[in-house]
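Work through the exercises below with the model open. Each task is followed by a solution in steps.

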Amino acid sequence: MGKVFVITLVLFSTLIFAQTQLQPIKPNIPFIPQLPTTVQESDLLGRYGSVWKIFWDGWEGTLVFQKDGKGYIEDENRNKYNLTYTILRNPQDSISSMTGPGYTGKKTNLGHRVVFFVDFANTPNNQQDDQRFDGYIFTQTLKTMKRAIAGITWWDNIPFGFYATYWYDIPG
């Protein structure tokens, strides 16, 4: 009887210890946005545009934003697909009848939303079949070479994730 009690006590103590050890560590660091105002066009585009590496649901390519609201994605087979984009927007802004992904009703003026439409079907006169990418530029690394964008894209009305990392500014 004494052995059963000791074994039970050890197992119970181990279980309690394991539960406390498996809890995620919550840092005691408050989130403080590092942007004093809003994202600027130069943070995203540079003087003539910018080039990013993009990854979406197993696909990868090069994302190019030119200064005129246009650009393209070049896939790993060097196929180019034209795109149009809107930058410096807020989550609450409606773009083509949609607010930003994750919009909870709290309005901001960070201007960190990026939306672009890629014409994978190569139908320049039909924008209804363009694939939408809707995301946010990371604000904490905005002024560094670690700039990135993450968000959602849809194919056949099914959402998929995407992210893009800054590569370089288009030279003049």
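**Exercise 1. Decide whether K107 is buried or exposed, and place K107 in the fold.**

Step 1. This is a predicted model, so every value here is computed from predicted atoms. The relative accessibility of K107 is 62%. Exposed means over 50%, so K107 counts as exposed.

Step 2. Find the element. K107 belongs to the loop between strand 4 and strand 5.

Step 3. Look across the loop. Q92 is 15 residues from K107 along the chain, yet their C-alpha atoms are separated by 6.0 Å.

**Exercise 2. Examine the backbone of S96 and N157, two residues that are not glycine but have a positive phi.**

Step 1. Read the angles. S96 has a phi of about 50°. For N157 the value is about 65°.

Step 2. Place both residues. S96 sits in the loop between strand 4 and strand 5. N157 is in the loop between strand 7 and strand 8.

Step 3. Check exposure. S96 has 51% relative accessibility, so it counts as exposed. N157 is exposed because its relative accessible area is 74%.

**Exercise 3. Lay out the fold of the chain in order.**

Step 1. Count the elements: 2 helices and 8 strands.

Step 2. Order them from the N terminus. The run is α-α-β-β-β-β-β-β-β-β.

Step 3. Add the totals. The chain has 172 residues, and 35% of them count as buried. Take contacts between residues at least 6 apart in sequence: 43% join residues at least 24 apart.

**Exercise 4. Find which residues and elements build the largest nonpolar core.**

Step 1. Size the core. It holds 23 residues. W52, I54, L63, F65 and F116 have the most contacts inside it.

Step 2. Assign the elements. Helix 2 (41-45) supplies at least two residues, as does each of strands 1, 2, 4, 5, 6 and 8. Strand 4 has the largest share, with 4 residues.

Step 3. Zoom in on I54. Beyond its neighbours within four places in sequence, I54 contacts residues including L63, I73, F116, F133 and F162.

**Exercise 5. Analyse the aromatic pair of F116 and F133.**

Step 1. Set the scene. The whole structure contains 12 aromatic pairs. In the pair of F116 and F133, the ring centres are 4.8 Å apart and the planes differ by 5°. Planes under 30 degrees apart count as stacked, so this pair is stacked.

Step 2. Trace the chain. F116 is in strand 5 (residues 113-118) and F133 in strand 6 (residues 131-137). The two are 17 residues apart, and the pair links distant parts of the chain.

Step 3. Test burial. F116 is at 0% relative accessibility, so it counts as buried. F133 is also at 0% and counts as buried.

Step 4. Widen the view. Both rings belong to one aromatic cluster, with W52, W56, F65, Y81, Y85, F120, F162 and Y166.

Step 5. Add the charges. The charged end of R147 sits over the Y166 ring, 3.7 Å from its centre. K80 lies over the face of Y72, 4.6 Å from the ring centre.

**Exercise 6. Describe the largest pocket and its lining.**

Step 1. Its space is about 600 Å³.

Step 2. The lining has 24 residues. Nearest the centre are F117, Q127, Q128, D130 and Q131.

Step 3. Strands 3, 4, 6 and 7 each give two or more lining residues. Strand 4 gives the most, with 5.

Key:
Residues are numbered from 1 along each chain as its sequence is written. This is a predicted model: local features need pLDDT of at least 70, side-chain atom pairs count only at pLDDT 80 or more; totals for chains, interfaces and linings use all residues. Side-chain values use heavy atoms; hydrogens and water are left out. Rings of Phe, Tyr and Trp (its six-membered ring) pair if their centres lie within 6.5 Å; planes under 30 degrees apart count as stacked, over 60 as edge-to-face and the rest as tilted. Buried means under 20% relative accessible area, exposed over 50%, partly exposed in between (1.4 Å probe, protein chains only). A charge sits over a ring if NZ of Lys or CZ of Arg is within 6 Å of the ring centre and within 35 degrees of the ring normal. A nonpolar core is a set of buried Ala, Val, Leu, Ile, Met, Phe, Trp, Tyr and Cys residues joined through side-chain atoms within 4.5 Å. Contact means heavy atoms within 4.5 Å. On a 1 Å grid over the protein atoms alone, a cavity is a set of points where a 1.4 Å probe fits but cannot get out, and a pocket is an open set with protein on both sides within 12 Å along at least five of seven lines; lining residues have an atom within 4 Å of a point. Grid points are joined across faces, edges and corners, and a volume is the space filled by probe spheres set on the points.
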